[in-house]
Amino acid sequence: PDAASDSIQEKKLLKLATQFYSYLLKTKDVTNDFSSMKKSVRDNVRRALAALGSICRFYECAGAADDHTLDSSVFVIETDVAKLQLDNLSNAAFALFLQYLSKEDESTKCLALRAMNGVFISRPRVVLVAEQMGIITSVIGDEAPPSVQIESLRCWRDILISEEKRIDSGAAKAKMEAQKNVTLSKRIGGDQDGDSTISGSVLTKHSERLYALTLSKDEKVRHMIIDLIGHLLRQGL
């Protein structure tokens, strides 16, 4: 009965996720600047990105543990929504979020970052892919608008807080042990407590830029970066 109940809930969740995914897929090429679109479209995009990002963050499929080396080629937009399943949703959604991150308007960029953060929190190794793709550099660089810088710093702070909770609670280890289909190599090579330090380690590579942001002309950027650096220092990074 429990298994049947879980299956029904998963089907409902997939149906809901597919609806949000389908809308974002249909809308992604409508414009490069959503600020020029009518309010109803902007609101729908906001809701779809927020909902899909939350699903990616809080739902963990059976094989949620990533391999030690994660290939960026797995992040491809699935154009045939009939092929969308819960076990490939996160990869396809992340690729879709990237499309929205590339839009010109600041609001959509921030929404996309927030949605991507859901993937980062649930799958820490995806942060390494983001680093390889130059995403982190682009969202905290001089060319990024202050609003995007603030959102990216807020996202990284939330990731650090989440990772700290994972380690303190032992949730990472418990989650892996509970997954019956996780191979021994993943258990050894994909040490989940080790995964919980990935984001902090990646951020320390950008320490020079992070400290430069403390001198930003934007007051909100300065406040946000000081908060983030405080978390990094408290975690010994």
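**Exercise 1. The span of a helix**

What span should the 20 residues of helix α2 (residues 39-58) have at 1.5 Å a residue, and how far apart are its end C-alpha atoms?

*Solution.* The structure considered here is a predicted model. The expected span of a helix is 1.5 Å times one less than its number of residues. For the 20 residues of helix α2, this gives 28 Å. In the model, the C-alpha atoms at the two ends of α2 are 28 Å apart, which agrees with the expectation.

Next, list the residues of α2 that are buried. They are V41, D43, V45, A48, L49, A51, L52, G53, I55 and C56. An α-helix has 3.6 residues a turn, so residues three or four places apart point the same way.

**Exercise 2. Salt bridges of helix α7**

State how many salt bridges the structure holds, and examine those that involve E151.

*Solution.* Begin with the total: the structure holds 9 salt bridges. Side chains of opposite charge can pair when their charged atoms come close.

Step one concerns E151 and R114, whose side chains meet in a salt bridge at 2.9 Å, N to O. Since E151 lies in helix α7 (residues 146-169) and R114 in helix α4 (residues 106-122), the pair ties together parts that are 37 residues apart in sequence. E151 is buried, with a relative accessible area of 4%. R114, at 46% relative accessibility, counts as partly exposed.

Step two turns to R154, whose side chain meets that of E151 in a salt bridge at 3.0 Å, N to O. R154 and E151 are 3 residues apart in helix α7 and are therefore separated by about one helical turn. The relative accessible area of R154 is 31%, which means that R154 is partly exposed.

Step three adds another pair: the side chains of R157 and D158 form a salt bridge at 3.1 Å, N to O. D158 is partly exposed, with a relative accessible area of 29%. Elsewhere, K39, D43 and R46 are joined into one network by salt bridges that share partners.

**Exercise 3. Aromatic pairs**

Determine how many aromatic pairs there are, and describe the geometry of two of them.

*Solution.* The count comes to 4 aromatic pairs. Take F34 and Y100: their ring centres are 5.8 Å apart and their planes stand at 25 degrees, so the pair is stacked. The cut-off that settles this step is that planes under 30 degrees apart count as stacked. F34 lies in the loop between α1 (2-27) and α2, and Y100 lies in helix α3 (residues 86-101), so the pair ties together parts that are 66 residues apart in sequence. Both F34 and Y100 are buried.

Now take F94 and F120. Their pair is edge-to-face, with 5.8 Å from centre to centre and 65 degrees between the planes. F94 lies in helix α3 and F120 in helix α4, so this pair ties together parts that are 26 residues apart in sequence. F94 is buried, with a relative accessible area of 0%, and F120 is buried as well, with a relative accessible area of 4%. Finally, ring pairs link F75, F94, F120 and W156 into a cluster.

**Exercise 4. A buried lysine**

Which side chain of opposite charge is nearest to K109, and how far away is it?

*Solution.* First locate the residue: K109 is in helix α4. K109 is buried yet has no salt bridge. The nearest side chain of opposite charge belongs to D105, 7.8 Å away. A salt bridge would require a distance within 4 Å.

Then look for backbone partners. The side chain of K109 reaches the backbone oxygen of L101 at 3.0 Å. A polar atom of the K109 side chain also lies 3.0 Å from the backbone oxygen of K103. With neighbours within four places in sequence left aside, the residues in contact with K109 are Y100, L101, S102, K103, E104 and V148.

**Exercise 5. The surroundings of E164**

Is E164 buried or partly exposed, and which residues is E164 in contact with beyond its neighbours within four places in sequence?

*Solution.* E164 is found in helix α7. Its relative accessible area is 23%, so E164 is partly exposed. Beyond the neighbours within four places in sequence, E164 is in contact with R234 and Q235. E164 and H231 are 67 residues apart in sequence, while their C-alpha atoms are 9.6 Å apart in space.

Note on methods: Residues are numbered from 1 along each chain as its sequence is written. This is a predicted model: local features need pLDDT of at least 70, side-chain atom pairs count only at pLDDT 80 or more; totals for chains, interfaces and linings use all residues. Side-chain values use heavy atoms; hydrogens and water are left out. Helices (H or I, at least four residues) and strands (E, at least two) are DSSP runs, numbered from the N terminus. Buried means under 20% relative accessible area, exposed over 50%, partly exposed in between (1.4 Å probe, protein chains only). Rings of Phe, Tyr and Trp (its six-membered ring) pair if their centres lie within 6.5 Å; planes under 30 degrees apart count as stacked, over 60 as edge-to-face and the rest as tilted. Lys and Arg count as positive and Asp and Glu as negative; His and the chain ends are not counted. A polar contact is a pair of N or O atoms within 3.5 Å; within protein, one must be able to donate a hydrogen and the other to accept it, and residues adjacent in sequence count only if both atoms are side-chain atoms. Contact means heavy atoms within 4.5 Å.
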